[in-house]
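Hi,

Here is the structure I promised to pass on. Have a look, and my notes on it follow below.

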Amino acid sequence: MLFDLDALPVASRYKLLTSTVVPRPIAWVVTQDAAGVLNAAPYSFFNVFGSDPPIVALGIGNRPSGAAKDTGANIAATGEFTVCLVPEDALPAMNITAADFPAGVDELAEADLATIASTKVGPPRLAASPVALECTLFKTVEMGSHSLVLGLVRAMHIADAAVMDPERCYIDSTALGLVGRMHGAGWYTRTGDRLEVKRVSAAELAARKEKTGA
Ligand SMILES: Cc1cc2nc3c(=O)[nH]c(=O)nc-3n(C[C@H](O)[C@H](O)[C@H](O)COP(=O)(O)O)c2cc1C
């Protein structure tokens, strides 16, 4: 079935995109306002977009009133944030931090979240998260009702239990127990269901063809 996004209302476009581009990783973003009040909120318009430089992107919408969300306002004010990834057992706390608290409320206290100091940025990381990225603002691209916030990843913290070989940077991704966002307002998926497809070169593919005569 064809859906013409040029002709559809915003809410329909949102539903179509977010129920098909799945699963999406979730950035649990910690920021501070100018007075130092901590804020945390989940953002699933999120991914990594390169390693040289190491860049992550967040798609931050406005509140229904048109006002900026605290995460975006805080990043604009301080230029710093941490991105914590979400394990299954932290989903209830993450969900609390997604509630529409007014600005100035310490959402970490509301969700009873412990923090650990960061090494390069002011906002701390969440103790509940097995992976945290310390980020500084790289660039903001305004896109209508959304801002695309690009962050430069300055440091990463990964739970020791998931680090198989620190020299080679081998990480046991499954051991992180992370979740991704699926369709609708409250659906998630686990990341433990893996399958492997080995990469092939063009030369290998040509050799296979030669062998089978296909
Ligand atoms: C799993 C999840 C993912 C979300 N992803 C986004 C997102 O990518 N962009 C966005 O603007 N809001 C997103 N939200 C909604 C925000 O988390 C919510 O508006 C929150 O109150 C914003 O908090 P803040 O004002 O403290 O930044 C998401 C909510 C949940 C539960």
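For the cysteines you need one cut-off: a disulfide here is a pair of cysteine sulfur atoms within 2.5 Å. Bear in mind, too, that this is a predicted model.

So how many disulfides does that rule give? The count is 0. The sulfur of C84 has its closest cysteine sulfur in C135, and at 9.4 Å that is too far for a bond. C135 is likewise in no disulfide, its nearest cysteine sulfur being that of C84. Are these two cysteines buried or exposed? C84 is buried, at a relative accessible area of 0%, and C135 is buried as well, also with 0%.

Now the ligand. There are 19 residues around it, and Y43, F45, G61, D70 and T71 come nearest. T71 also makes a polar approach: one of its polar side-chain atoms sits 2.5 Å from a ligand oxygen. N39 has a polar side-chain atom 2.9 Å from an oxygen atom of the ligand. With P42 the backbone is involved, as a polar backbone atom there lies 2.8 Å from a ligand oxygen. On its own the ligand would expose 650 Å², and the protein buries 90% of that.

Last, the surface. M1, F3, L5, L17 and V21 form a nonpolar patch there, with about 540 Å² of accessible area together. One of them, L17, belongs to helix α1, which covers residues 10–18. L17 counts as partly exposed because its relative accessibility is 44%.

Shout if you'd like to go through any of it together.

Cheers

How values were computed: Residues are numbered from 1 along each chain as its sequence is written. This is a predicted model: local features need pLDDT of at least 70, side-chain atom pairs count only at pLDDT 80 or more; totals for chains, interfaces and linings use all residues. Side-chain values use heavy atoms; hydrogens and water are left out. Patches are made of residues with over 30% relative accessible area and no salt bridge: like charges are joined within 9 Å, nonpolar side chains (Val, Leu, Ile, Met, Phe, Trp, Tyr) within 5 Å. Accessible areas come from the Shrake-Rupley method with a 1.4 Å probe; for residues, only the protein chains shown count as cover. A salt bridge is a side-chain nitrogen of Lys or Arg within 4 Å of a carboxyl oxygen of Asp or Glu. Helices (H or I, at least four residues) and strands (E, at least two) are DSSP runs, numbered from the N terminus. Buried means under 20% relative accessible area, exposed over 50%, partly exposed in between (1.4 Å probe, protein chains only). A residue is near a molecule or strand if one of its heavy atoms lies within 4 Å of it. A polar contact is a pair of N or O atoms within 3.5 Å; within protein, one must be able to donate a hydrogen and the other to accept it, and residues adjacent in sequence count only if both atoms are side-chain atoms.
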